[in-house]
Amino acid sequence: MTQYKEDCRECPRLVTFLDQVKLEQPSYFCKPVPPFGDTSIRLLIVGLAPGMHGANRTGRPFTFTLVFQINESQLQQMTT
């Protein structure tokens, strides 16, 4: 398994975008977003890139998205 690297800059297009956002929004997180949650899950939700005003701002995946709006009990029902 690949380890999370907060200072990762392996994706040039994403790095350029995050650097530009950081110039425009200095208070935003604008780094690779750390994973969170149970590591023995049965359902994995993967995002393509940090959301402009979600994870780029907060540092937490799926902030202010549809996934954020689905509560934990609904996700648990989907996996049982």
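**Close-up views of a predicted four-helix model**

**View 1. Confidence changes along the chain.** In this predicted model, confidence is lowest in helix α3 (residues 66–69), with a mean of 64. Helix α1 has the highest confidence, at 93. Across the protein, pLDDT averages 80. A score of at least 70 is reached by 75% of the residues. Where pLDDT is low, the predicted coordinates should not be read in detail.

**View 2. The elements are helices.** The protein has 4 helices and 0 strands. Read from the N terminus, the order is α-α-α-α. Helix α1 covers residues 12–24, and α2 covers 55–58. Contacts also link distant parts of the sequence: of those between residues at least 6 apart, 62% join residues at least 24 apart.

**View 3. Surface and interior.** The protein has 80 residues, and 14% of them are buried. About 6,600 Å² is exposed. Carbon and sulfur atoms supply 58% of that area.

**View 4. A nonpolar patch lies on the surface.** Three residues form this patch: Ile41, Leu44 and Val46. Together they have about 330 Å² of accessible area.

**View 5. Val46 sits in a loop.** Where is Val46? Val46 lies in the loop between α1 and α2. Is Val46 buried or exposed? Val46 counts as exposed because its relative accessibility is 64%, and the cut-off for exposed is over 50%. Val46 is also one of the residues in the nonpolar patch, alongside Ile41 and Leu44.

Technical notes:
Residues numbered from 1 in each chain as written. Predicted model: local features only at pLDDT ≥ 70, side-chain atom pairs only at ≥ 80, totals over all residues. Heavy atoms only, no water. Helix = DSSP H or I, 4+ residues; strand = E, 2+ residues; numbered from the N terminus. Buried < 20%, exposed > 50% of the residue type's maximum accessible area, 1.4 Å probe, protein only. Contact = heavy atoms within 4.5 Å. Areas by Shrake-Rupley, 256 points an atom, 1.4 Å probe, with all protein chains shown as cover. Patch = residues over 30% accessible without salt bridge, like charges linked within 9 Å, V, L, I, M, F, W, Y side chains within 5 Å. Salt bridge = Lys/Arg side-chain N within 4 Å of Asp/Glu carboxyl O. pLDDT = per-residue confidence, 0-100.
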